[in-house]
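Biologist: Could you take me through the model shown below? I would like to discuss the sheet and the aromatic rings.

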Amino acid sequence: NRLNTVVSELLEFARPSTVKGDAKADMNGVIDRALRLADADIRGNNVAVVFHPDESLPPVRVNAERLTQALLNLFLNAVQAMPQGGVIRIDAHMRPDTESLDIIVEDNGHGMTEEVRKAIFDPYFTTKPSGTGLGLAIVHQIVEGHGGSVSVKSKPGEGAAFIIRIPTGE
């Protein structure tokens, strides 16, 4: 299983593909699908999820499959950051000052140091004994492929908040 995960993540990262989607997707639906895919890990690790879909979000032109993968990676990282259980909070909202949408994935896990925070999107960087170091690199690649950005706010002992910003314009 571990070898399969490593090879799959390596292929996902190395695959040259156009990320931008041809159709507009319901972002609440994309988030919900990623949560359903992570459900076994979430429930199996005593993690609660707080997500209130915003019905006012407009459909956004994205590759829903790839964005689901990025969110799934963030959800699984959040679960792994809370080995004793905790809460994942997800918020998606339009930014009033720009034509973009923010998706925030926040956990109350162990957080990270500034050194770790600066390196987490680098391929093969990991703090986990069994990690491949590709999960967050894939998130970064997918979000940037949509013309967006991903950032993180975190301090040791205070959890982490990942902010994905996706442009909504054509």
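Modeller: The sheet comes first, then the aromatic rings.
Modeller: This is a predicted model, where local features need pLDDT of at least 70, side-chain atom pairs count only at pLDDT 80 or more, and totals for chains, interfaces and linings use all residues. Residues are numbered from 1 along each chain as its sequence is written, and side-chain values use heavy atoms, without hydrogens and water.

Biologist: In what order do the five strands lie in the sheet?
Modeller: The order is E2-E4-E5-E7-E6, in an open sheet with mixed pairing. Strands are DSSP runs (E, at least two residues; helices are H or I, at least four), numbered from the N terminus, and two strands pair if DSSP finds at least two bridges between them.

Biologist: Which strands stand at the edges?
Modeller: E2 (47-51) and E6 (149-154) do; each has a single partner strand, so one side of each is left without a neighbour in the sheet.

Biologist: How many bridges join E6 to E7?
Modeller: Six, and the two strands run antiparallel. Serine 151 has isoleucine 163 in E7 as its bridge partner.

Biologist: Turning to the rings, how many aromatic pairs does a search of the whole structure find?
Modeller: One. Phenylalanine 121 and phenylalanine 162 are edge-to-face, 6.3 Å centre to centre with 90° between the planes. Rings of Phe, Tyr and Trp (its six-membered ring) pair if their centres lie within 6.5 Å; planes under 30 degrees apart count as stacked, over 60 as edge-to-face and the rest as tilted.

Biologist: Where in the chain are phenylalanine 121 and phenylalanine 162?
Modeller: Phenylalanine 121 is in the loop between helix H4 (114-119) and helix H5 (135-145), and phenylalanine 162 is in strand E7, 41 residues apart.
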